[in-house]
Amino acid sequence: MPHKESPPVFVTRAMLPPLETYVEKLRGIFSSRYLTNQGVHAEALERELQDYLAVRELVLCTNGTLALQLALRLLGLNGKKVITTPFTYVATLSALLWEGCTPLFADIDPHSLCMSPSEAERLLESHPDAAGVLPVHVYGNACDVQALERICRTHHVKLLYDAAHAFGTTLHGRSLFHWGDAATGSLHATKVFNSVEGGCIVVASDEAREHLKLLRSFGHCDDTHICLGINAKMSELHAAMGRCLLPMVPDFLKCRERLTALYDAHLAPVLGQALRKPRLAEGLCWNHAYYPVFFPDHAALLRCLRALTKKNIRPRRYFYPSLNTLPYVQASACPVSEDMAQRVACLPLWPDMDEKIVLQTSKIVIDSM
Ligand SMILES: *Cc1c(COP(=O)(O)O)cnc(C)c1O
């Protein structure tokens, strides 16, 4: 019999609840025939997430991209110049462009991989018409939230965090969603906590929450049309999945931490030398959302990726290319981001991943160097 190749090992795998717990919720949905429009599960998940993250107001929506778009509208940033980072998933940028914003790229800090506050400040000074700053808590690490807040206050601009990677991370004991005029999350299948597809926006006032609810649901309340809205609601089937998975998150975080420590141990001969990891913020309790490593140069990264691909291990180049180089944005230089993007890979990591994958991946990485 021919040898059947084992399925590829990707950078992550979606976590699922026990099937019976989801089926039980499905039964309720089938008997009520209430499928969407803020049903019992969407309402309950909103409250449960608010409690879990210990944040003031949380509004659920369809996905993390629409969460950004709703937040940009909420803060009145649509159509304006907004300073953002080139080292992120393309959705941060696409949300800005879709809302008619002009992105200005502030280069990143080479250690944290998050937006450099001094670069943001430089851009605010040279673009007095910029209206907001959109940094990303890259890999679940924290931006320099104090510096960014001070700069945004000084320049009277809005601060919106893309916290899509930050679910479960705390800084000085507080969820990263706490910072900024608003922070958005993604509950996509590949993230630390998922509802298959989903997103959320965290804000600090009742007015902001109510306005987001309007934006999310066509901008009207019954027959009263108040503002331009869109359809960004979360269905009951998605919310039910989120409710089944949320109680499992503390366990996921522990598993991620244990596997990260195992990678650290097996990569020890090269870590901190030829292979580098991001520097975590002080006071951070990290969610271990990814296992990113930076190779000495592009050639070393490609050599390692080829060796891993031969064994059917397929890490992702999160984040490549640097977004300031995309064909549909105005060209600008971000040398740090461009350099880091050329030599980064995120190694496979999910909570119930077999430890053998850590061993095998680490060995291939070391042998390729
Ligand atoms: C995943 C992600 C998004 C988009 O979230 P979706 O739920 O997939 O739309 C936005 N920003 C960052 C940084 C992400 O990683």
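In this predicted model, the ligand is found in the largest pocket, whose volume comes to about 460 Å³. Of the 25 residues that line this pocket, Tyr89, Ser186, His188, Thr190 and Lys191 are the closest to its centre. Classified by residue type, the lining of the largest pocket comprises nine nonpolar, 12 polar and four charged residues. Three elements of secondary structure, namely α3, α4 and β8 (182-186), each contribute at least two residues to that lining.

The immediate surroundings of the ligand consist of 15 residues, among which Gly64, Thr65, His165, Ser186 and Lys191 come nearest. Ser186 and Lys191 thus appear among the residues that come nearest to the ligand and also among those closest to the centre of the largest pocket. The shell around the ligand is made up of four nonpolar, nine polar and two charged residues, and at least two of its members are supplied by each of the helices α3 (64-74) and α4 (90-98). These helices, α3 and α4, likewise each provide at least two residues of the lining of the largest pocket.

Several short distances between N or O atoms of the protein and oxygen atoms of the ligand can be listed for this shell. For Gly64, the atom concerned belongs to the backbone, where an N or O atom lies 2.7 Å from an oxygen atom of the ligand. For Thr65, a polar atom of the side chain is placed 2.6 Å from a ligand oxygen atom, and for His165 an N or O atom in the side chain is 2.7 Å from an oxygen atom of the ligand. With respect to burial, the ligand on its own has 380 Å² of accessible area, of which the protein covers 92%.

Apart from the ligand site, the second largest pocket encloses about 330 Å³ of space. Its lining is formed by 17 residues, and those closest to its centre are Ser6, Pro7, Pro8, Val9 and Asn312. The helices α10 (298-310) and α12 (355-368) each supply at least two residues of the lining of this second largest pocket, in which seven nonpolar, six polar and four charged residues are counted. The linings of the largest pocket and of the second largest pocket therefore each include four charged residues, as assigned by residue class.

Definitions and conventions:
Residues are numbered from 1 along each chain as its sequence is written. This is a predicted model: local features need pLDDT of at least 70, side-chain atom pairs count only at pLDDT 80 or more; totals for chains, interfaces and linings use all residues. Side-chain values use heavy atoms; hydrogens and water are left out. A residue is near a molecule or strand if one of its heavy atoms lies within 4 Å of it. A polar contact is a pair of N or O atoms within 3.5 Å; within protein, one must be able to donate a hydrogen and the other to accept it, and residues adjacent in sequence count only if both atoms are side-chain atoms. Accessible areas come from the Shrake-Rupley method with a 1.4 Å probe; for residues, only the protein chains shown count as cover. On a 1 Å grid over the protein atoms alone, a cavity is a set of points where a 1.4 Å probe fits but cannot get out, and a pocket is an open set with protein on both sides within 12 Å along at least five of seven lines; lining residues have an atom within 4 Å of a point. A molecule sits in a cavity or pocket if more than half of its atoms lie within 2 Å of its grid points. Helices (H or I, at least four residues) and strands (E, at least two) are DSSP runs, numbered from the N terminus. Grid points are joined across faces, edges and corners, and a volume is the space filled by probe spheres set on the points.
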